[in-house]
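Good morning, everyone, and thank you for making the time. I would like to take you through one structure today, so please have a look at it before I go on.

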Amino acid sequence: MSEPKQRTGGQILCDAMRTEGTGAIFGMPGGASLPFYDALYHYADLAHYSMRHEQGAGYAADGYARALNRVGICTATSGPGATNLVTSMASAMMDSVPVIFVTGQVATPFIGSDAFQETDITGVSIPVTKQNYLVKNVEELPQIVAEAFYLARSGRPGPVHIDVPKDVLTDTTDIPTPTDVKIHGYRPAGLGHKRMIQRAAEAINAAEKPVILAGHGIAISEAFDELKELVEKASIPVITTLHGVGNFPESHDLSFGMLGMHGMYYANIAVHECDLIIALGMRFDDRVTGRVKDFAPNANIVHIDIDPAEIEKVVPTAVPIVGDVKLTLGALNPQIESGDRAAWLSRLNSLKADHPSHAIRESEALLPQRVVRNIYEATKGEAKIIGDVGQNQMWAAQHFLYDKPLSFFSAGGLGGMGYSLPAAIGVQIAKPDDTVWSITGDGGLQINIQELAALAEYNLPVKIAVLNNGHLGMIRQWQNRFYEGRLKASVLQNPNFAAVAEAYGVRGISAGSNEDARKAIDEAMAHDGPVLIDFAVDPNEDVFPMVEPGASLAETVEV
Amino acid sequence: MAAIEYSTLVALVQDHPGVLTKAAMLFRRRGYNIASLNVGHSEVPGISRMTIVVEGRGPHIKQCEKQLYKLVEVVKVLDLTEEARVDKEVALIRVSAHSAERAEVVGIARAFDAEIVDVARDSLIVEITASPYTIDRFLEVAGDFGILELTRTGVVSMSRGGNGAK
């Protein structure tokens with residue numbers, strides 16, 4: 001043990017960021033966080049990426065955290081810097097992403113005085129973080145940073161917010177940062193209950209028409225091998241949630257795509273017809289279930305999730321298991337009997353053949369789905385895809401064949417447009433050798449377009465595909481379908497995105513035909529640096545299949 | 001009209017700043033109606049005890065209990081709704097009582113084991129420590145004289161028998 005060393009609050013934060021080994025910090029400085037940045041100045045091994053808006057910094061940390069399954073770090077100053085983070089906090093909360101948000105705060109004597117750039121940001125962040133702290137003095141800080149990282153990554157991961165007043169950043173203490181954290185009453189689940197696992201095995205062995213719904217929990221706990229073992233041993237079809245895309249190779253015979261509002265027809269019908277749902281690390285979101293009372297009417301549900309509050313929140317559960325899905329599958333698999341389930345698989349394969357939702361029709365016009373498929377082909381499937389929110393997100397999920405885990409990321413829970421570009425920056429920094437594509441829309445791109453500056457500054461080879469249909473496409477789709485075509489505020493007048501990109505120092509290309517599109521993608525892949533391609537896609541293309549609001553999965557429509 | 005059903009939850013929480021806000025926000029944002037909420041020290045230093053009486057019964061309340069558990073500061077949650085328990089609440093009630101009525105009000109207060117804690121020319125303050133049900137009955141009777149002011153602490157609850165919430 002070395003002698004206790006006096007450290008400033010800023011150094012305590014930087015030391016923790018170094019120890020946690022995340023290596024990258026996304027942020028923007030400001031008045032109240034100056035002492036943190038001054039401490040950071042002396043930590044050459046901690047790379048700080050200057051984003052152009054705090055929301056972009058939050059999303060970049062989110063993308064970074066997801067790509068590595070490690071804690072991401074984001075910093076902002078007090079007041080406006082902190083309030084600008086709120087959307088990215090809410091997104092990380094909804095999607096269970098471990099991000100530490102550090103905000104500066106006015107000095108403690110000024111707190112509560114409506115000082116310049118003062119906001120009660122811990123008051124604001126309560127419902128959008130897993131835990132938050134306002135640090136009242138530097139002596140508390142070592143314990144708080146240790147707790148914060150531990151809470152962010154353990155159990156069901158999530159964002160943790162630390163609000164640090166300016167004087168706490170400069171005050172010093174010799175209290176070391178604890179290496180072992182215990183929080184009274186906080187016990188993240190590990191292996192599920194033995195008896196329940198046995199009951200799950202009995203239910204699975206007895207099921208004639210089971211399906212697995214593989215969710216984000218599989219990706220978070222990296223239970224890919226355990227999932228594959230279960231699936232192949234018992235010949236159980238796998239369907240994923242949006243965040244579960246890539247959990248299981250989509251080209252595998254037992255993969256039946258994604259379910260939900262824009263899930264594959266055969267996936268939705270499979271869920272409707274099945275006699276057992278094995279739900280792994282997912283939460284029966286309303287976009288997944290459709291009309292809940294008619295969800296999987298013939299099925300019992302085995303639900304494994306690390307968060308007890310997700311069990312029976314939405315659907316009644318025959319076998320509830322609170323546990324880490326990787327550990328729990330490890331204990332479950334040996335109790336599973338082999339089987340071929342030939343009749344059930346033959347039913348699903350004929351559904352798939354009759355209703356090939358993944359197929360793209362031939363078209364003279366450039367279809368957005370085709371652009372996604374072209375990117376798949378050009379990258380040979382070896383790419384990280386970051387969707388935005390809306391139509392582009394659904395096409396990106398549907399039409400790229402994800403054979404590798406942790407290759408598709410999107411802000412599925414909160415559904416915040418503007419996610420794709422900054423998150424792609426985070427993913428590229430986390431995975432410098434991987435090909436990273438941001439698939440976004442003309443609406444979403446504008447929300448965080450300023451991050452083209454960060455992209456250019458760090459010369460990250462992210463490729464941006466703008467599926468430009470001149471609309472807030474999903475809004476237009478709903479206005480056409482449910483509001484008798486009254487397009488209000490969903491038609492966009494856009495800038496020349498390629499020219500905007502060039503102005504930021506990012507290669508910009510415009511593509512309006514099938515041939516242009518293929519060439520542009522090849523050119524982008526060949527370019528060693530960031531590229532934006534503005535694809536002028538068919539402005540009237542809608543996302544299908546679709547489960548209309550209030551409908552059940554059985555009522556999935558294909559046009 | 002069907003009577004509203006209530007559940008009684010007890011939460012043991014770390015005595016940190018903001019815990020009450022977090023619990024209150026949780027009830028608000030998930031749509032639970034709080035009938036009463038009381039917070040004070042428990043037998044363990046650093047641990048506060050909340051007694052929360054919330055509208056509703058059944059799965060809805062189970063979900064509420066789980067959501068409370070998700071707050072990092074919450075150490076334990078007990079649902080006492082179906083338990084044999086002691087429910088107590090304190091009320092201070094300023095009852096209108098002119099000299100002619102004073103003896104009658106005092107008599108009623110005695111019948112309820114309540115205490116007269118202040119006497120003025122035209123009113124009395126009655127302190128009653130009882131179950132919410134008994135306090136309601138007292139208020140009904142005292143209402144005939146006129147209730148000028150009322151404050152209630154909300155219920156505190158403890159299950160009967162055993163060794164407590166360890």
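I will speak about the interface between the two chains, and after that about a pair of helices.

Please keep in mind throughout that what you see is a predicted model. I begin with the interface, where chain A brings 18 residues into the contact and chain B brings 15 residues. The area buried between chain A and chain B comes to about 1400 Å², and carbon and sulfur atoms account for 56% of that area. Which three residues supply more than any others of the area that chain A buries against chain B? They are A:Ile126, A:His184 and A:Ala309, which together give 34% of it.

Turning to the polar side of this interface, one salt bridge is counted between chain A and chain B, and it joins the side chains of A:Asp307 and B:Lys70, with 2.6 Å from N to O. There are also eight residue pairs in polar contact between chain A and chain B, and the side of chain A that touches chain B consists, by class, of seven nonpolar, five polar and six charged residues.

Now to the helices, both in chain A: the axes of H11, residues 224-234, and H14, residues 325-332, come within 9 Å and cross at roughly 35°, and the crossing is left-handed. On H11(A) the contact is made by A:Glu226, A:Leu227 and A:Leu230, while H14(A) contributes A:Lys326, A:Leu329 and A:Gly330. Sorted by class, that contact has three nonpolar, one polar and two charged residues.

Methods:
Residues numbered from 1 in each chain as written. Chains lettered and ligands numbered in written order. Predicted model: local features only at pLDDT ≥ 70, side-chain atom pairs only at ≥ 80, totals over all residues. Heavy atoms only, no water. Contact = heavy atoms within 4.5 Å. Buried area = accessible area lost by both parts, 1.4 Å probe. Salt bridge = Lys/Arg side-chain N within 4 Å of Asp/Glu carboxyl O. Polar contact = N/O pair within 3.5 Å; in protein donor to acceptor, adjacent residues only side chain to side chain. Nonpolar A, V, L, I, M, F, W, Y, C, P; charged D, E, K, R; others polar. Axes fitted to C-alpha atoms, helices over the stretch in contact; angles between N-to-C directions. Helix = DSSP H or I, 4+ residues; strand = E, 2+ residues; numbered from the N terminus. Left-handed = near helix turned anticlockwise from the far one by under 90°.
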